[in-house]
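Here's a quick briefing to read alongside the sequence and the 3D view. It walks through the empty spaces and then the ligands.

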Amino acid sequence: MIRLAIQKSGRLSEDSLKLIRECGISFISTSSKLKTEATNFPLEILFLRDDDIPGYVADGVADIGIVGQNVLVEEGLQKLSVKNLGFSKCRLSLAVSKGAEYQDVTTLQGKSIATSYPNLLQEFLTSKGVEADIHTISGSVEIAPSIGLADAVCDIVSSGSTLISNGLREVETVFKSEAVLIANQNLGQEKNRLLQQLLFRMEAVQKAQKSKYVVLNAPNSAIPEIKKLLPGIKSPTIIPLAEEGWSSLHSVVNEDDFWDIIQKLKEAGAEGILVVPIEKMIG
Ligand SMILES: Nc1ncnc2c1ncn2[C@@H]1O[C@H](COP(=O)(O)OP(=O)(O)OP(=O)(O)O)[C@@H](O)[C@H]1O
Ligand SMILES: O=P(O)(O)OC[C@H]1O[C@H](OP(=O)(O)OP(=O)(O)O)[C@H](O)[C@@H]1O
Ligand SMILES: [Mg+2]
């Protein structure tokens, strides 16, 4: 049995649970139960405060975990990182009051800054040659300038709406973060085998999310051009239509190139283009 630690409730929770379910793992979760066992995979899930997850994984209390890179690096445990998961993307930024004067980071020399990430902030300030007075607080950081607790804040930003609501202006990016899978460094053979199985499934889920299945009809004369646009996993599938001189082509396209390719397919003579999500993608 492998033990996975995820955040009990917060910005990482929903996507962490979704990823485990997309890996085909079933379990019953209730908000009051802090531990559950999967019914179809040798996995136990612990629901914890995110700040505690890196330490528990480092000590072997949990074998693997899902946490934000900001927390992992703040705690000096980045060596545990195994895989970027692509969700809970955010940044750690410096912000000052909307009306405050600010030229560059040297403006913060000698000022006080409130944050929950003193190590990441200190490292950033040191790299810029700036000395400031860091006030470590555990939450509601954005309130600090308006109550006279600090001149600036260094906190997590995503949409920026929390900063705006609190009369603050983002001025520097200190660190960029996303959720990562972390693992204890001495898992042993059996747990390592289970981790590899989980990684294999996660990769299949991630690849599928980045791809679309495309089905289209085209006159046979357009096939050579369309084949060049649709390399697919190996090459597109071509099936003759009941109507003489026409074929159906099936292939996989990368989400990033998707609109560009669709435009070119239309120009090449494709018709009746269907785009279908892919659930899992292997190999
Ligand atoms: N607005 C956001 N958008 C995207 N990701 C975010 C956002 N805020 C935080 N995160 C990411 O999610 C992680 C958890 O954020 P959350 O605000 O839920 O933490 P918390 O309040 O410290 O929770 P806990 O109660 O578990 O200690 C952060 O460390 C960061 O990596
Ligand atoms: O830029 P935004 O999209 O507004 O997001 C940023 C906010 O999100 C997080 O807090 P959260 O809402 O998770 O609450 P918390 O302070 O209780 O952790 C973070 O600490 C910021 O306050
Ligand atoms: Mg926390």
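How many cavities of 30 Å³ or more does a search of the whole structure find? Just one turns up. Keep in mind that this is a predicted model. Besides that cavity, there's a pocket to look at, and the largest one has a volume of about 1000 Å³.

**The cavity**
- The largest cavity holds about 30 Å³ of space.
- Its lining is made up of Leu4, Ile20, Cys23, Ile25, Leu198 and Met202.
- Sorted by class, that lining comes out as six nonpolar residues, with no polar and no charged ones.

**The largest pocket**
- Lining the largest pocket are 37 residues, and Arg11, Asp50, Asn70, Tyr117 and Ile156 are the ones that lie nearest its centre.
- The class split for this lining is ten nonpolar, 17 polar and ten charged.
- Both domain 1 (2-88 + 179-208) and domain 2 (90-177) chip in, with at least three lining residues from each.
- As for secondary structure, α3 (69-74), β9 (152-157) and α5 (161-165) each give at least two residues to the lining.

**Ligand 1**
- There are 16 residues around ligand 1, and Gln7, Arg11, Arg49, Asp50 and Asn70 come nearest.
- Arg11, Asp50 and Asn70 have already come up as residues nearest the centre of the largest pocket.
- For arginine 11, a backbone N or O atom sits 2.8 Å from an oxygen atom of ligand 1.
- The side chain of aspartate 51 has an N or O atom 2.8 Å from an oxygen atom of the ligand.
- A nitrogen atom of ligand 1 is 3.4 Å from an N or O atom in the serine 158 side chain.
- On its own, ligand 1 exposes 630 Å², and the protein buries 76% of that.

**Ligand 2**
- Around ligand 2 you'll find Arg11, Glu142, Asp155, Ile156, Val157, Ser158, Ser159, Gly160, Ser161 and Thr162.
- Arginine 11 shows up here too, this time with a polar side-chain atom 2.9 Å from an oxygen atom of ligand 2.
- Glutamate 142 puts a side-chain N or O atom 2.7 Å from an oxygen atom of ligand 2.
- With glycine 160, a polar backbone atom lies 2.7 Å from an oxygen atom of the ligand.
- Ligand 2 has 490 Å² of accessible area by itself, and the protein covers 62% of it.

**One residue to click on**
- Arg11 is worth a look in the viewer: its backbone contacts ligand 1, while its side chain contacts ligand 2.

Note on methods. Residues are numbered from 1 along each chain as its sequence is written. Chains are lettered from A and ligands numbered from 1 in the order in which they are written. This is a predicted model: local features need pLDDT of at least 70, side-chain atom pairs count only at pLDDT 80 or more; totals for chains, interfaces and linings use all residues. Side-chain values use heavy atoms; hydrogens and water are left out. On a 1 Å grid over the protein atoms alone, a cavity is a set of points where a 1.4 Å probe fits but cannot get out, and a pocket is an open set with protein on both sides within 12 Å along at least five of seven lines; lining residues have an atom within 4 Å of a point. Grid points are joined across faces, edges and corners, and a volume is the space filled by probe spheres set on the points. Helices (H or I, at least four residues) and strands (E, at least two) are DSSP runs, numbered from the N terminus. Ala, Val, Leu, Ile, Met, Phe, Trp, Tyr, Cys and Pro count as nonpolar, Asp, Glu, Lys and Arg as charged, and the others, Gly among them, as polar. Domain bounds come from an automatic or database domain assignment. A residue is near a molecule or strand if one of its heavy atoms lies within 4 Å of it. A polar contact is a pair of N or O atoms within 3.5 Å; within protein, one must be able to donate a hydrogen and the other to accept it, and residues adjacent in sequence count only if both atoms are side-chain atoms. Accessible areas come from the Shrake-Rupley method with a 1.4 Å probe; for residues, only the protein chains shown count as cover.
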